[in-house]
Amino acid sequence: MNIGILGLGLIGGSLGFDLRSQGHYVIGVSRRSSTCETAIAMGCVDTAGIDINLFKTADIVFICTPIGMIVPKFAELITHLPETCIITDVGSVKAPVVEAMAPHWQNFIGGHPMAGTADSGIEAAQRNLFVDRPYVLTLTNTTPQSVVEVMAELVSQLGSKLYYSSPENHDLAVSWISHLPVFVSASLIAACMGEREGQVLELAQKLASSGFWDTSRVGGGNPELGVMMAQHNRQALLVSLQNYRQQLDETIDAIEQEDWQALEAKLTDTQKWRPLFVE
Ligand code: NAP
């Protein structure tokens, strides 16, 4: 297939690598010429440039820009593409994006490849980023079956685990397991930096090891992405954060009251529940 990628960054570049390795012809379009040149040199794309007309021969276009640019770029894209072209996006939030785009393009399907790193930009693109990771396709009443089939085949070629969901359920679910963790992890880092005793802070930074690495990773990522999550999945994120604050309050109460039984019961539950989320 001729596959277009709009927005050559971590996700767009990584998709380019893997789709090329499956024999597809990958056309990249990005904002900056320098990014396009880097993408060609890295081997993420067969050709690239800043002109959206490069997509005129594309069978499918993946919109991989930052979330806030997905809908404006879609509006521009549909004035240049033939009706047969499939459009999909990779945005981490789905309901507002799908609501804005699906009514305007028959062959549209929202998607979310759930893989990433702490880095961003074309230099961060890597091969096999999506292998064994979830890829959610968000269906609506109007999503054509033929489009679902094409996307399902591409997702399988990426080596991802395919899931289907409504856009709304996707956003609620990712709020719990993807967006809430970013803000929990960021708050952890910020709380540690609140240590006023310089020598203690310095020692803590030297002693930080695997536990801190695991729990701080997503809070130390791309700030732009975190702000986008909060802006675009605001309602679901607020519910998750309020629930989390309640959990913290319960933990503080138990420790203040030296209620070790309650604390142990909670930690026994969480030990039992963790495998329900991660193997
Ligand atoms: P990124 O590394 O910052 O890449 C985004 C790229 O989009 C930039 O490199 C930029 O290229 C390009 N771009 C920005 N504005 C543009 C415009 N107006 N026109 C054309 N290209 C433009 O971000 P990312 O992490 O790949 O995220 C991209 C999308 O993937 C987001 O919608 C995000 O929600 C979704 N996503 C991210 C992750 C993750 O963990 N990072 C995971 C799943 C999904 P230039 O260098 O040319 O400016």
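Where is the place of D132? D132 sits in the loop between β6 and β7, and β7 covers residues 134–138. I start there for its backbone. Phi of D132 is near 65°, a positive value, and the residue is not a glycine. Most residues other than glycine have a negative phi. D132 is also exposed, with a relative accessible area of 52%.

Before going on, a word on the source. What you see is a predicted model.

There is another residue to put beside D132. E258 has a positive phi too, about 50°, and it is not a glycine either. Look for E258 in the loop between α10 and α11. E258 is exposed, at 54% relative accessible area.

Now the overall picture. The protein has 11 helices and 8 strands. There are 279 residues, and 39% of them count as buried. Taken along the principal axes, the C-alpha atoms fill a box of roughly 65 × 45 × 30 Å.

To get a feel for that box, pick two residues. Take L77 and R274, which are 197 residues apart along the chain. Their C-alpha atoms are separated by 42 Å. L77 belongs to helix α3. Is L77 buried or exposed? L77 is buried, because its relative accessible area is 0%.

Keep helix α3 in view. We need it for the ligand.

How many residues are around the ligand? There are 26, and S30, R32, T35, S92 and G121 come nearest. Let me take some of these in turn. The side chain of T35 has an N or O atom 2.5 Å from an oxygen atom of the ligand. For S30, an N or O atom in the side chain is 2.7 Å from a ligand oxygen. For R32, a polar side-chain atom lies 2.8 Å from an oxygen atom of the ligand. On its own, the ligand has 890 Å² of accessible area, and the protein covers 91% of that.

What makes up the shell around the ligand? By residue type, the shell divides into 12 nonpolar, 11 polar and 3 charged. By element, α1 (10–21), α3 (67–77) and β6 (108–113) each supply at least two residues. Which of the elements gives the most to the shell? Helix α3 does, with 4 residues.

Next, the salt bridges. The count comes to 6. I will show some of them.

Start with D46 and R20. Their side chains meet in a salt bridge, 3.0 Å from N to O. The pair links distant parts of the chain, 26 residues apart. D46 is in the loop between α2 (33–42) and β3 (47–49), while R20 is in helix α1. That is the α1 we met in the ligand shell. D46 counts as partly exposed, at 28% relative accessibility. R20 counts as partly exposed as well, at 31%.

Then D89 and K94. Here the closest N and O atoms are 2.6 Å apart. Are these residues buried or exposed? Both D89 and K94 are buried.

Then K266 and E250. These side chains meet in a salt bridge at 3.9 Å, N to O. K266 lies in helix α11 and E250 in helix α10, so the pair ties together parts that are 16 residues apart in sequence. E250 is partly exposed, with a relative accessible area of 39%. Remember where E258 is: the loop between α10 and α11.

Stay with these helices for the last stop. There is a nonpolar patch on the surface. Which residues form the patch? W176, I177, V239, W273, L276, F277 and V278. Together they have about 750 Å² of accessible area. Helices α6 (167–193) and α11 (260–277) each supply at least two of the patch residues. The largest share, 3 residues, comes from α11. V239 has its place in helix α10, residues 234–256. V239 is partly exposed, with a relative accessible area of 43%.

To wrap up, some things to look for on the screen. Find α3, which gives the most residues to the ligand shell. Find K266 and E250, the salt bridge between α11 and α10. Find the nonpolar patch, with its largest share from α11. And finish back at D132, exposed and with a positive phi.

Notes:
Residues numbered from 1 in each chain as written. Predicted model: local features only at pLDDT ≥ 70, side-chain atom pairs only at ≥ 80, totals over all residues. Heavy atoms only, no water. Patch = residues over 30% accessible without salt bridge, like charges linked within 9 Å, V, L, I, M, F, W, Y side chains within 5 Å. Areas by Shrake-Rupley, 256 points an atom, 1.4 Å probe, with all protein chains shown as cover. Salt bridge = Lys/Arg side-chain N within 4 Å of Asp/Glu carboxyl O. Buried < 20%, exposed > 50% of the residue type's maximum accessible area, 1.4 Å probe, protein only. Near = heavy atom within 4 Å. Polar contact = N/O pair within 3.5 Å; in protein donor to acceptor, adjacent residues only side chain to side chain. Nonpolar A, V, L, I, M, F, W, Y, C, P; charged D, E, K, R; others polar.
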